[in-house]
Amino acid sequence: MRLFLDTANIDQIREVAKMGIISGVTTNPTLMAKEEGVTYRDRVVEICDVVDGPVSAECTARDLDGLLTEAREIAAWHDNVVVKIPVDETGLEATAVLSKEGIKINMTLVFSANQALLAATAGATLVSIFVGRLDDAGQEGMEVVRESVEIFDQYHLPAQILAASLRHPRHVIEAAQLGAQIATIPYGLLKAMVKHPLTDVGIEKFLADSKAYEKESAKTPS
Ligand code: G3P
């Protein structure tokens, strides 16, 4: 399974990239709106210089011509850019055209296995299922991941399932167990995945015990 970071914040990306655990980044207009003093294009290119893997950048045009133009522009920003397009009728039409041009599409805002199947069939490379938002709406978000993985496996669809809108560490474990190829993880969640209180307690105990034998070693002439 590949782990992506779900943020447009370059400091967070630089910090986490050093740990060798992320192989891509997803952004969206909401994440980008939190960043000040930088254009979307410049930030995406900056991210591509830090992370050598797919970096998703979202289109906002709502008509087909606008979507095609915007997607082609975004795709030209960097070789690693994957263009995010929401799954609706226009989005599917755009994906069908753009995928034939070799542009990689991350079909986003997917909330059902039917939408996932349509996205994959239209030619999307990545299919982003928004697990947390489904949970928020009282549905079982991970069920859509389970159904989609089963369908993609059954028909050997080349699109990869990207579990998105993940809110807590169990989400990541469940997405991994179900066979989602990618989980995109917000910075805070990534931090929560690293931490375990018993690790902290264990480090403190080992440190304290090492001081005891260091004291003994100091007393013994070599
Ligand atoms: O990648 C999509 C993700 O950012 C959406 O997350 O928390 O806004 O539902 P959220």
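This is a short walk through one protein structure, starting with the whole chain and then moving to a few of its parts.

Okay, hi everyone. Before anything else, please keep in mind that what we're looking at is a predicted model. Let's begin with the overall picture. The protein has 222 residues, and buried ones make up 43% of them. If you put a box around the C-alpha atoms along the principal axes, that box comes out at roughly 80 × 40 × 30 Å. Inside it you'll find eleven helices and eight strands. How about contacts along the chain? Take the contacts between residues at least 6 apart in sequence: 55% of those join residues at least 24 apart.

Now let's go to strand β5, residues 105–110. Is β5 largely enclosed, and why? Five of its six residues are buried, so the rest of the structure largely encloses this strand.

So who are the neighbours? On one hand there's β4, residues 81–86, which runs parallel to β5 and is joined to it by four bridges. If you want a spot to look at, find Pro86, whose bridge partner in β5 is Thr108. Helix α5, residues 89–100, belongs to this picture too: β4, α5 and β5 make a right-handed β-α-β unit.

Then there's β6, residues 126–130. β5 pairs with β6 as well, again in the parallel sense, over three bridges. Here the residue to find is Asn106, which stands opposite Leu126 in β6. To get from β5 to β6, the chain passes through helix α6, residues 113–122, and that β-α-β crossover is right-handed.

While we're talking strands, a general reminder: in a regular strand, side chains alternate between the two faces of the sheet.

Next, the pockets. What is the volume of the largest pocket? It's about 330 Å³. There are 21 residues lining it, and the closest to its centre are Asp6, Asn28, Leu31, Arg133 and Pro186. Our strand β6 turns up again here, since β6 and helix α2, residues 29–33, each supply at least two residues of the lining. By class, that lining has six nonpolar, nine polar and six charged residues.

Let's move on to the backbone. Most residues other than glycine have a negative phi. With that in mind, have a look at two residues. His156 isn't a glycine, yet its phi is positive, about 50°. Ser165 isn't a glycine either, and its phi is positive too, about 55°.

Where do they sit? His156 is in the loop between α8 (141–154) and β7 (160–164), while Ser165 is in the loop between β7 and α9 (169–178). And are they buried or exposed? His156 has 70% relative accessibility, so it counts as exposed. Ser165 is buried, because its relative accessible area is 10%. We can also tie His156 back to the strands: its C-alpha atom is 18 Å from that of Asn106, and the two residues are 50 apart along the chain.

One last stop, Asp42, in helix α3, residues 40–50. At 41% relative accessibility, Asp42 counts as partly exposed. From its C-alpha atom to that of Pro169 is 31 Å, with the two residues 127 apart along the chain.

That's my tour. If you open the model later, maybe begin at β5 and its parallel partners β4 and β6.

Methods. Residues are numbered from 1 along each chain as its sequence is written. Side-chain values use heavy atoms; hydrogens and water are left out. Buried means under 20% relative accessible area, exposed over 50%, partly exposed in between (1.4 Å probe, protein chains only). Two strands pair if DSSP finds at least two bridges between them. A crossover is right-handed if, with the strands pointing away from the viewer, the path from the first strand over the helix to the second runs clockwise. On a 1 Å grid over the protein atoms alone, a cavity is a set of points where a 1.4 Å probe fits but cannot get out, and a pocket is an open set with protein on both sides within 12 Å along at least five of seven lines; lining residues have an atom within 4 Å of a point. Grid points are joined across faces, edges and corners, and a volume is the space filled by probe spheres set on the points. Ala, Val, Leu, Ile, Met, Phe, Trp, Tyr, Cys and Pro count as nonpolar, Asp, Glu, Lys and Arg as charged, and the others, Gly among them, as polar. Contact means heavy atoms within 4.5 Å.
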